[in-house]
Amino acid sequence: MRYAMKTGPEKTFPGEANGHISRDMRDIKPHRVIPRNDPRVNIVGLSREELTDLLASLGEKPFRAKQLWHWVYHRGETDFSKMTSLGGALRAKLAESCVVDRPEVTREQRSTDGTRKWLLRFPDGNEAETVYIPEDDRGALCVSSQVGCTLTCKFCHTGTQLLVRNLTSAEIVGQFMAARDAYGEWPSPMDETRILSNVVMMGMGEPFYNYDNVAKALKIIMDGEGLALSKRRITLSTSGVVPMIRRCGEELGVKLAISLHAATDEVRNEIMPINKKYPLAELMDACRTYPGLNNARRITFEYVMLKGLNDSEADARALIKLVEGIPCKFNLIPFNPWPGSDYECPPVSHIERFSMLLNDGGYSAPIRMPRGRDILAACGQLRSESERERKSLMKARLAQGIPDEHATTDPSDFP
Ligand code: SAH
Ligand code: SF4
């Protein structure tokens, strides 16, 4: 991503100046959501094996699963009666026992820079945000893996919304399909002509704390006979859940981004509590051995620029030392403010200087142009609505003693 140079003392990032939040309800296509108590099976999110088993249970041969897969993921068809190659009897059986469902779009916002953000509601009423970021010749969909996040990185808006639940594979794939619906991008085009050409697992949540569902969803998205997005066009971003890094490389082979954000354990412990569990030395070891790394396939270290905290020349030098020997590049993310946030973004010229220091050390370090700040769609600004409802759900869970492996909270956090 390129950073557009500006001149003059009032250099700012787009959306920063007026703080205007635009709400645009145009183009929202109402989508019928299957009620929670509907016993029919949602085809979206099933693995190929599960789909084959499902069809076998309806007395059908495996090739029918292949045909159905094509209709659902290549053609984007949701109506069984239009899946002409399946034969009338099977179409009727499917309509009785299955659905092809997407999450419901409950709100859409458009940024002045073309970024679009959808608030999606799932059958149980929970919501998550998905963001489309257009660029000149492509566009990335920023997909959420959880409703909220159990981690509490201090600079992140999502981190203030404690975990409600993991998203299912259907809900993760469903985000991609809902965005494709919005652009009418069916049947799945070849990579070169796609509007939705890339997926970044950088929305709400920590993907490695919902690995099974994320992996299942990404395998569906990568399947060559369906949505067919190449693994080179998928990036998974993690806060640094060390034990999952190798497994992700071996099983999925997607590009890896690490939310680094500090060059020392002291600073990282302060802003990212997960560092106390997986300190920098362990994280760097895991990165060094990420399968398939070479000069053409590098790890991206994301680095949110926080004024006075991690943006000094000494920090830049320490970073260069820290990543020594790892094929990598940096992505400098100007801190995106959100209501109640404690940090400030350094001046643009300061971030440019930091970038140059990393360049001098031999590392590419582009500044990630903030996108969709005016609609709170930029990195770290996502957070779904209905907070009160969410808190009472969480409180109820905790009161029932339902454990949350990763939660760093106790019931007294929920007044
Ligand atoms: N949970 C995952 C992925 C989602 S966050 C992770 O932490 O990697 C996507 C990126 O935005 C991460 O690098 C995250 O650290 C960064 N981010 C979070 N809050 C931010 C903010 N307020 N401004 C800029 N970047 C932020
Ligand atoms: Fe969770 Fe990532 Fe935000 Fe940290 S930066 S709180 S891991 S979403």
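A228 lies in the loop between α5 and β10 (234-238) of this predicted model. The phi angle of A228 is near 55 degrees. That value is positive, in a residue other than glycine. A second backbone feature falls in another loop, the one between α4 and β9, where P187 is placed. Here the peptide bond from W186 to P187 is cis. Its omega is near -10 degrees.

The strands build an open sheet of 9 members. Their order is β3-β4-β5-β6-β9-β10-β11-β12-β13. The pairing within the sheet is mixed. β3 (104-110) forms one edge and β13 (328-334) the other, each pairing on one side only. From one strand to the next, the twist averages 20 degrees.

Three strand pairs illustrate the mixed pairing of the sheet. The pair of β5 (residues 127-134) and β6 (residues 139-142) is antiparallel and is joined by 4 bridges. These two strands form a hairpin, with 4 residues between them. Within this pair, P134 has G139 of β6 as its bridge partner. β6 also pairs with β9 (residues 198-201), but here the strands run parallel. This pairing rests on 3 bridges. One residue of the pair, L141, is partnered by V199 in β9. At the β13 edge of the sheet, β12 (residues 299-305) runs parallel to β13, and 7 bridges join the two. T300 stands opposite K329 of β13.

Helix packing was examined for three pairs. The helices α4 (residues 169-183) and α5 (residues 211-222) pack with their axes 8 Å apart. The angle between them is about 40 degrees. α4 is therefore oblique to α5, as the range counted as roughly parallel ends under 35 degrees. The crossing of α4 and α5 is right-handed. On the α4 side, the contact involves S169, I172, V173 and F176. These residues meet N213, V214, K216, A217, I220 and I221 of α5. By class, the contact of α4 with α5 comprises 7 nonpolar, 2 polar and 1 charged residues. The two helices also flank the loops described above: α4 precedes the loop that holds P187, and α5 precedes the loop that holds A228.

The second pair consists of α6 (residues 242-251) and α9 (residues 280-288). Their axes come within 9 Å and cross at roughly 5 degrees. The two helices are therefore roughly parallel. V242, I245 and R246 of α6 make the contact with E282, L283 and A286 of α9. This contact of α6 with α9 holds 4 nonpolar and 2 charged residues, with no polar ones.

The third pair is formed by α10 (residues 313-322) and α11 (residues 348-360). Again the axes come within 9 Å. They cross at roughly 30 degrees, so α10 is roughly parallel to α11. This crossing is right-handed. From α10, the contact draws on E313, A316, L319 and I320. From α11, it draws on F354, L357 and L358. The contact of α10 with α11 is made up of 6 nonpolar residues and 1 charged residue, with no polar residue.

The surroundings of ligand 2 were then examined. The shell around ligand 2 contains C149, L151, C153, C156, T158, G159, G205, E206, S239 and S259. Its residues divide into 4 nonpolar, 5 polar and 1 charged.

Technical notes:
Residues numbered from 1 in each chain as written. Chains lettered and ligands numbered in written order. Predicted model: local features only at pLDDT ≥ 70, side-chain atom pairs only at ≥ 80, totals over all residues. Near = placed C-beta within 6 Å. Nonpolar A, V, L, I, M, F, W, Y, C, P; charged D, E, K, R; others polar. Axes fitted to C-alpha atoms, helices over the stretch in contact; angles between N-to-C directions. Parallel < 35°, antiparallel > 145°, perpendicular 65-115°, else oblique. Left-handed = near helix turned anticlockwise from the far one by under 90°. Contact = placed C-beta atoms within 7 Å. Pairing = 2+ DSSP bridges.
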